[in-house]
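Student: Could we go through this model together, asking of each label how it was earned?
Tutor: Gladly, let's take a look.

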Amino acid sequence: SAGIGVETARALAAAGAHVVLASRNPEKNAAAVASIRERVPDADLELGDLDLTSLASVRAFAEWYAGKHDRLHLLINNAGVMYTPFEHTAEGIELQFGTNHVGHFLLTCLLVPQLLAGAPARVVNVSSGGHMTSDIVWDDVNFERQEYNKFASYGQSKTANILFSVELDRRLG
């Protein structure tokens, strides 16, 4: 609903794609649509409610999407948080790892039937150089035994994005 996500959606809409924008904030989603339509008046846009900090919301979005669409050609997992204070998702997962990786991971897995039906399809998992700041601390992803470090937390979420992308390509490529 902001930044590179809006620009990506605008570029896809300008190329004639039907674009589903998903956001946890309806006002920001509406503002994104207005911004896109300023430059692409005939943009084919659809809005969905998705909060990656809640796996129930991710499941509800995937169910909503599957109920309206039998295929998906491109999934761009772009949303995320960066360098946040120590918090947890609705399910108790450390916020950056839960939002940046687990939410996208579940969403992608739930949309695999639509991706396969839309083949050739693509999944883009946006990451960053942040992966260089931390491997994944598998036995303490939630910072229960180590002191919370917002940079390491972000880093392990971005490392998870990369590992997920590699494995997704291996399995579905």
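Tutor: Let's begin with the second largest pocket of this predicted model. Its lining has 14 residues, and Ala121, Arg122, Val123, Leu172 and Gly173 are nearest its centre. The space in this pocket comes to about 360 Å³.

Student: Which elements supply at least two residues each of that lining, and which gives the most?
Tutor: Helix 5 (112-117), strand 4 (122-125) and helix 6 (150-172) each supply at least two. Helix 6 gives the most, with four residues. By class, the lining divides into nine nonpolar, three polar and two charged residues.

Student: What makes Asp169 exposed?
Tutor: The relative accessible area of Asp169 is 54%, and the label exposed applies over 50%, so Asp169 is exposed. Asp169 lies in helix 6, and its C-alpha atom is 8.9 Å from that of Val123, although the two are 46 residues apart along the chain.

Student: What is the volume of the largest pocket, and which residues are closest to its centre?
Tutor: The volume is about 1200 Å³. Of its 42 lining residues, Val20, Leu21, Ala22, Ile76 and Asn78 are the closest to the centre. The lining includes 24 nonpolar, 14 polar and four charged residues. Among the elements that each supply at least two of them are helix 1 (3-14), strand 1 (18-23) and helix 2 (26-39).

Student: Why is the contact between Arg39 and Glu7 called a salt bridge?
Tutor: The closest N and O atoms of the pair are 3.7 Å apart, and the rule asks for a side-chain nitrogen of Lys or Arg within 4 Å of a carboxyl oxygen of Asp or Glu, so the pair qualifies. Arg39 lies in helix 2 and Glu7 in helix 1, so this salt bridge ties together parts that are 32 residues apart in sequence. Glu7, Arg10 and Arg39 are linked in a network of salt bridges.

Student: How do you know that Glu7 is partly exposed while Arg39 is exposed?
Tutor: Buried means under 20%, exposed over 50%, and partly exposed in between. Glu7 has 35%, so Glu7 is partly exposed. Arg39 has 54%, so Arg39 is exposed.

Student: What separates Glu167 and Arg170 along helix 6?
Tutor: About one helical turn, because they are three residues apart in helix 6. Their side chains meet in a salt bridge, with 2.5 Å from N to O, and the limit is 4 Å. By this rule the count comes to six salt bridges.

Student: Why is Phe143 called buried?
Tutor: Phe143 has 7% relative accessibility, and buried means under 20%, so Phe143 counts as buried. Phe143 lies in the loop between strand 4 and helix 6, and it has a positive phi of about 55 degrees although it is not a glycine.

Student: What makes such backbone values worth a remark?
Tutor: Most residues other than glycine have a negative phi, and most peptide bonds are trans. Tyr83 also has a positive phi, near 55 degrees. The peptide bond from Ala119 to Pro120 is cis, with omega near 0 degrees; Pro120 lies in the loop between helix 5 and strand 4.

Student: How do you know that Tyr83 can belong to a surface patch?
Tutor: Patch residues need over 30% relative accessible area, and Tyr83 has 33%, so Tyr83 passes that cut-off. Tyr83 forms a nonpolar patch with Met82 and Phe151, and together they have about 300 Å² of accessible area.

Technical notes: Residues numbered from 1 in each chain as written. Predicted model: local features only at pLDDT ≥ 70, side-chain atom pairs only at ≥ 80, totals over all residues. Heavy atoms only, no water. Patch = residues over 30% accessible without salt bridge, like charges linked within 9 Å, V, L, I, M, F, W, Y side chains within 5 Å. Areas by Shrake-Rupley, 256 points an atom, 1.4 Å probe, with all protein chains shown as cover. Buried < 20%, exposed > 50% of the residue type's maximum accessible area, 1.4 Å probe, protein only. 1 Å grid on protein atoms, 1.4 Å probe; cavity = no way out; pocket = protein on both sides within 12 Å on 5 of 7 lines; lining within 4 Å. Points joined across faces, edges and corners; volume = space filled by probe spheres on them. Nonpolar A, V, L, I, M, F, W, Y, C, P; charged D, E, K, R; others polar.
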